[in-house]
Amino acid sequence: MSKRRSARCSRSARGLAAACAAVALAGCALAPPKPWEKGDLARASMRFDTDPLQTKLTQHIYQSKEGAAGGDTVGGGGCGCN
Amino acid sequence: MRFVPVLLVAALAFAATTQAATPGAAAPAFALPTAGGETVSLAPLRGRVVYVDFWASWCAPCRRSFPWMNALQARYGKDGLAIVGINVDKRREDAERFLRDTPASFTIAYDANGATPAAYDVKGMPSSYLIDRKGNVAAVEEGFHDERRDDVEAQIRALLAQR
């Protein structure tokens with residue numbers, strides 16, 4: 001009796017795990033956002049740096065020291081403008 | 001055999017993307033609410049030259065394009081130009097705040113769920129579609145570039161000259 005119950009229990013637990021996995025997978029943003037869906041990405045709080053001017057200065061010093069330009073990040077703030 | 005449904009879905013997705021608004025193709029129809037509670041759609045604008053502009057409050061070039069579009073509407077409205085600015089913001093308040101700072105003297109429509117930009121296959125923000133008097137897409141403008149203003153205005157003038 002108790003064995004059967006435990007079997008049923010494990011089966012429902014497995015079902016629950018599968019459902020959780022399905023939900024978790026569906027939650028992954030597999031498709032990149034469309035250009036008109038980038039409102040949240042364009043928010044100032046989504047920037048990697050806190051101060052654009054400070055970043056520019058740091059980059060300028062880095063480039064003059066290393067003799068290399070570019071390769072830092074991609075241009076633009078991710079809003080998909082232009 | 002097992003992959004047939006997958007292929008079918010892929011083929012359908014491809015077919016959907018090839019329906020996009022490209023020059024020469026019929027402009028995808030839409031019916032969207034305006035701030036005043038009316039509905040704006042393409043069909044009643046048939047016979048006029050329509051400039052459909054997709055914009056968002058978070059899009060910096062859009063802010064620069066509005067005064068120019070206001071000037072276009074003022075200059076060519078009487079000749080048959082209709083500018084429709086379709087807002088793609090998720091939150092209406094964001095769009096309204098933008099419009100307080102950057103007033104628009106042309107029609108503004110709201111599409112928060114993005115069906116219209118999807119139908120037009122918008123590649124970047126802002127994007128504009130120039131539609132001729134017959135309802136076909138004449139030109140697609142991606143982004144707002146100051147150096148493109150004169151060309152776009154010339155295109156509008158040429159389309160207005162067509163009867």
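In this predicted model, strand 4 and strand 5 of chain B pair in the parallel sense over 4 bridges, and within that pairing B:Ile86 stands opposite B:Ala109 of strand 5. To get from strand 4 to strand 5 of chain B, the chain passes through helix 3, residues 92–101, in a β-α-β crossover that is right-handed.

Strand 4 of chain B also pairs with strand 3 of chain B, again in the parallel sense, here over 7 bridges. One of the bridge partners can be named on each side, since B:Val52 is matched with B:Val84 in strand 4 of chain B. The connection between these two strands of chain B runs from strand 3 through helix 2 to strand 4, and this β-α-β crossover is likewise right-handed.

How many residues of strand 4 of chain B are buried? The count is 7 of 7, so the strand is largely enclosed by the rest of the structure. In a regular strand the side chains alternate between the two faces of the sheet. In strand 4 of chain B, B:Leu81, B:Ile83, B:Gly85 and B:Asn87 point one way, while B:Ala82, B:Val84 and B:Ile86 point the other way, and residues of both sets are buried.

The wider setting of these strands is chain B as a whole, which has 5 helices and 7 strands, following one another from the N terminus in the order α-β-β-β-α-β-α-β-α-β-β-α. Of the 163 residues in chain B, 31% are buried. Among the contacts in chain B with a separation of 6 or more, 68% join residues that are 24 or more positions apart.

The largest nonpolar core contains 37 residues, and those touching the most other members are B:Ala56, B:Val84, B:Tyr129 and B:Ile131. At least two residues of this core are supplied by each of several elements of chain B, including strand 3 (49–55), helix 2 (60–76), strand 4 (81–87) and helix 5 (149–161). The largest share, 6 residues, comes from strand 3 of chain B. For B:Tyr129, the contacts beyond its neighbours within four places in sequence are B:Ala21, B:Ala27, B:Val52, B:Tyr120, B:Val137 and B:Val140.

A contrasting position is that of B:Ser105, which is found in the loop between helix 3 and strand 5 of chain B. This residue is partly exposed, with 15 other C-beta atoms within 10 Å, where a buried residue would need 20 or more. When residues up to four places away in sequence are not counted, B:Ser105 touches B:Asn70, B:Gln73 and B:Ala74. The C-alpha atom of B:Ser105 is separated by 21 Å from that of B:Arg148, a residue 43 residues apart from B:Ser105 along the chain.

Turning to the other chain, helix 2 of chain A (residues 52–66) has 15 residues and reaches 21 Å from its first C-alpha to its last, close to the 21 Å expected at 1.5 Å a residue. Is this helix of chain A enclosed or in the open? The number of its 15 residues that are buried is 0, so helix 2 of chain A lies largely in the open. Just after this helix, A:Gly67 takes a positive phi of about 65°.

The two chains meet where 16 residues of chain B are in contact with 10 residues of chain A. On the side of chain B that touches chain A, the residues divide into 10 nonpolar, 3 polar and 3 charged.

Conventions
Residues numbered from 1 in each chain as written. Chains lettered and ligands numbered in written order. Predicted model: local features only at pLDDT ≥ 70, side-chain atom pairs only at ≥ 80, totals over all residues. Contact = placed C-beta atoms within 7 Å. Nonpolar A, V, L, I, M, F, W, Y, C, P; charged D, E, K, R; others polar. Core = buried A, V, L, I, M, F, W, Y, C linked by C-beta atoms within 7 Å. Buried ≥ 20, exposed ≤ 12 C-beta atoms within 10 Å, placed from the backbone. Pairing = 2+ DSSP bridges. Right-handed = clockwise from strand over helix to strand, strands pointing away. Expected span 1.5 Å × (residues − 1).
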